[in-house]
Structures are given as structure tokens and as C-alpha cells.
Amino acid sequence: MKRHVLIRVLTLVPLWLGISVLAFVLSNLAPGDPATVMAYRLSDAPPGEEQIAAIRREYHLDDSLPVRYARWLGAAVRGDLGISYRTREPVLNELAARFPATLKIACAALLVALCVSLPLGVLAAVRRNQWPDHAARAGTLLGASLPSYWLAYLLILVFALWLGWLPVAGREGAGAIVLPALTLGLGAAASLLRLTRSSMLEVLGEDYIRAARAKGLGERAVVWRHALRNALIPVVSVTGITFGHLLGGAVIVEHIFAWPGVGSLLVNAIYDRDYPVIQGFVLFMGAVFTLLSLVADLSYVWIDPRIRFARGGRG
Amino acid sequence: MNGGRETLEGTRPRETFESAGHNAAMLSRLSSGRSDVLLRLMRDRSALAGLIVVALLVTLALAAPVVAPHDPAVQQPAARLAAPSATFPLGTDNLGRCLLSRLLYGSRVSLTAALAASLLALGLGVGVGAVSGYVGGWVDAALMRVVDLILAFPLLVLALAITGFLGVGMKSVLIGIVSVWWASYARIVRALVLSMRERPFVEAARSIGAGHARIVTRHVLPNVVAPVIVLATLEIGGLILAVSGLNFLGLGVRPPTPEWGAMLNDGRPFLRSAPQLMIYPGLLMSLAVLGFNLLGDGLRDALDPRL
């Protein structure tokens, strides 16, 4: 078990190296001579030739790509992701200052997704091929087809503009999180619902469920105590991945609701062609996403005793 | 799932080939009779509904120059935000442009872009997947590490970042999306090719002296076509959402070109006074995605009824 965890954690190292290469290569796609761009963006007056040359020297921009990558990686490991062109603050500070807001919205959205998908998924499985099942299928289809960036405006239209219950955007008051969380959460609920339903159907066909029924347990106890507990195993593991997708999906939703997270930071950085911030976002979020899928993997092993013991010694 | 994997060459029970992964099963179903597949698809009511929706939208998009009552870019300053009328069946937008015409031409742009992205990503994905699965070894390992790296990100986020580096324009949007989406195709095609590599007809081709290129293009890839079509259909919806999502952020087409996502973006300031500017393009987009999803689900079920 320990060995398995250790090896799985070590696989992060090459993956993170790969992500750093990706982030570095991508930043070289930006049009224009990097020294000139940087000189223009980091000085208030139009820079002269000497200033551009000074920046070229300071950042060693004449070196070959691998050398520049190595230097950049060395700095990145020490937390130096460069300076934002727009705010002239260190990129890492910008990301760190805004990440909690993104975390908050992703957690709220996950809560929405679970509250919708678990009860409905169980209901759809228990009432298979009856109307709750058909309704759940229609719901998941819609959830997968509606663009989040359209759903957001439908929700704003109804709940903020027509009913006036919730604020349109921003972060003022407790109600501000509701609409972005709903927008993000409902989309994610669709796939979780489908998974809960199929996992539940599989478990309900198992022998131990028949045994539980045979010993005279009520249907409620069978479903909620015996079946759901086992049906949740794959759901929990997918929840980790879903959370990563919520963090990623938050980009457009944050932008719509002017929510001050890393997502809206990315969109603004793209508008401002603030390349160091875009690069920092790829590196930072890549690390976060891979870490999340690692946690999801490990939680799967930890939750399911069958895997925990069967795979115990294996790496 | 597959008990006989390690049986000796030549003595493999027939079922082994049938159960070498459900994708392979899907293939054998297909070769068992194409008419069956079509029949099953036609009997599946939701798939049929998807097919009709898709066919309708594609027809409207193709026929836009004939059907559209106005030029989608021409502004009628006197008729800003006009209500639906005989001249403007769905009214006009904030610049006095015919909303219906913009929707029709917008479908053309959005669907064409999604289709182009799909074909390009498929081409790249099938190429890489086939090489990876057929050649194996370190080539396979290296290519799959690249795939893993890309799939570690939510696809749209990485596409967005790449587009951000490239700058505004439909070309950047397509490059951003294609350079990410191919990875998911490559992984699946690799698995399919891997399941093909040891099948008897490939061994037969090899034994009569066919070269690798011939085996891959004439024997392996034709058998991968059916599942790849299913995959492509299932993914078109996601590509429509991606293309229009980046356009919604203002990174794609430039005004006055109409596109679903760009139209949503243009309608934002008028959500309260003229919600139809946002409702119609979103509705059309959702309908398109829903149609492709239903059709894709139906195709998958028709090819492999056991799923």
C-alpha cells in the first residue's frame, strides 16, 4: 500500500516536468520579439533600443531555447513565475491571491452537483424505466447540451433580472455565489447523475442486496444503507476529477459573473496579452489538476477495501 | 473480462477475439451486418430525433444564402432592436441587423468551424494513435506521454490558454482547439489499433508479405472507421461548445461576422431589454449539441447493443 502510494506520487514528477515544458513552449507561441514586447509592456514611455537590449541581456533572451527553459524552470521552482505585464506584480502572488475564490466557487458548485445528482441518481436507479428514470435521462441530456455560458444568462435573467432575488454579478453578499455555483454545478451534475444511476443499478443486482432483502430489511434500509454505500465508490473517485473540471470550467463562469478567481484572471490576461500570467496559469493549474487526479486515484484505493487489500503489495 | 489473453498463439478460443475490449466487440458487430446497424439506428427514436435535428440545422446552415431574408451584416439604423415583423421575422439586434439572418449565417460559421476542428483533430488523432498502437515500443511510450500531458488539463482551459498566446482570430481558436482535442482521439484509436494488431486477418496480411504501411492503411484503419465515426459524432457537440465558447469570450470571429458564441457575447449588454438576442443563439446552439449527442449515443448503441 505504502509502496503503491509512493510510486503514484513519484509519477507526478515527470508529469509536472512535462507541464513546465508545455507552459514554456506555449509562451514562445506569442507573436513578436519577446524582448521588445517585454520592454514595451514594462515601461510607461516607449522604450529605446538600449532598454530593449538591456532586457534582452537581463533575461538572456539570446540563449537557446533549452538553456532559457532550464533557467526559467529554475526560477519557477523557487516560486518566481515572472512579472505580470498589467499589474507589474509577481505572477505567483496574483495567482495565489485569486485561487481561494476559485476554490470557493468550485466547492459550492460541487455541493450543488452532489445534492442534485446523488438523490436523483438513486431515484432513477430504483425506479428504473419509470418516469423518474426518464426525467433523469432527459435532465442529463440537457445538462450535457446546454452551454454553461448560456445557462448562466438564463439564470441571471430569471433570478436576478426578473425575480430580483440574487445579484447579477460580483462578490457582494452571501447570495452572490448562488448563481455561479448553480451554473457550474448543474453542468457537472449531469455526468455524476448518470454515473450514480449506473453504479447503483449494478450494486442492486448483487447477491448481498438479495441477502439483505431476504433477511427482511425494509427497502429503504436496503437502498440507502447497503446499496448506496457501495455504489458511491466509483462516484467518489470521479468526484475528484469532477472537482478538477469545475476548477477549469470556472474560467468562463467566473468571467461572466465577474468573480475574482484565477479563471477571470486568465481571461483578463488573455485580453491584455499578459503572457507571463497565461503561462503562470498553465503551470499552476496543471499542477493543481494533476494533484487532484492523484488524490482521486488514491482515495479510490483507500475507500474500496477490495482494492486496498488485493493490491496491497503491488506497486 | 478477458480470460484467454495468455493462451498460446493459434490455439486461442474464438471468443477471445470477440471480447478483446468492447471496442473490438463493436467492430465485430459492425462487420456482422451494416444493415442491422442502420435498422437499429432507425428504430431508436431518440437517435432518429437527433438525426432529424442535425439534418435540419445543417440544411439551414447550407441554405443560409437562399433562406436568409437579409444580409447578416447590413445595419438598418432606423430599426434597432425592432420587434418581429414581416420584414424581420425575429426582429433585429442592437445595430438593426436582421436576427434571423444572423442566426442562419451564424450556424454556418459555427458548424463549419466545429466540423473543421473535428476533422483536423481526427486526422491528427488517428495518425498519432495508429502509429502509436501499431509501432509500439518507445515511440508509443513517448507519444502517449504527450497525450497524458494534454489530457491532464480540462481540454477547454488548455485550448483557451493556447488561443490566448496566439491572439484573436478564428484561426487561433481552431489551432487552440485542435492542438488539444486530438489527444483524446489518439488515445482511443491507439487502443483500437492495438486490439487489431494481433487479429488473424492482420497476421494473414503479414504472412503473405504485406508491408507495414499496407497493413495499416488497408487492413487496420478500415476496421477502425466505424468506432471513430461514433467518437467523432459524440465529440462534435463538445467541439461546438468549445468553438462558440472561445467566440463568446471574443477570441474568434471579428465583427460583423455572425457566430453563435459571438452573438451571445454581443447580446450581453441587452439581456434585460432584449433577452431574445441571447436566447435565440443559445437555443440554436443547445439544439445542435443535443442533436449530435442523441445521434452519437444512438450510433454507439446501434454498433454495440450491449452497452
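Student: What pattern does chain A follow along its sequence?

Tutor: Chain A reads α-α-α-α-α-α-α-α-α-α-α-α-α-α, with 14 helices and zero strands. Elements here are DSSP runs numbered from the N terminus: helices are H or I over at least four residues, strands E over at least two. This is a predicted model, where local features need pLDDT of at least 70 and side-chain atom pairs count only at pLDDT 80 or more, while totals for chains, interfaces and linings use all residues. Residues are numbered from 1 along each chain as its sequence is written, and chains are lettered from A and ligands numbered from 1 in the order written.

Student: Why is α14(B) called mostly covered?

Tutor: Buried means 20 or more other C-beta atoms, placed from the backbone, within 10 Å of the residue's own; 12 or fewer is exposed, and in between is partly exposed. In α14(B), 20 of the 28 residues are buried, so the label fits that cut-off. For chain A as a whole, 38% of its 315 residues count as buried.

Student: How do you know what span α14(B) should have?

Tutor: Take 1.5 Å times one less than its number of residues. For residues 276-303 that gives 40 Å, and the end C-alpha atoms are 40 Å apart, so the two agree.

Student: What makes up the side of chain A that touches chain B?

Tutor: Two residues are in contact if their C-beta atoms, placed from the backbone, lie within 7 Å. By that rule, 37 residues come from chain A and 32 from chain B. On the chain A side, α13(A) gives the most, with eight residues. That side divides into 27 nonpolar, ten polar and no charged residues. Nonpolar covers Ala, Val, Leu, Ile, Met, Phe, Trp, Tyr, Cys and Pro; charged is Asp, Glu, Lys and Arg; the others, Gly among them, are polar.

Student: Which residues touch the most other members of the largest nonpolar core?

Tutor: A nonpolar core joins buried Ala, Val, Leu, Ile, Met, Phe, Trp, Tyr and Cys residues through C-beta atoms within 7 Å. This one has 165 residues, and those touching the most other members are A109(A), I278(A), F281(A), A117(B), A161(B), I177(B) and V243(B). Leaving out residues up to four places away in sequence, A109(A) touches A181(A), L184(A), G185(A), A188(A) and L246(A).

Student: Where do the contacts in chain A reach along the sequence?

Tutor: Of those between residues at least 6 apart, 73% join residues at least 24 apart.
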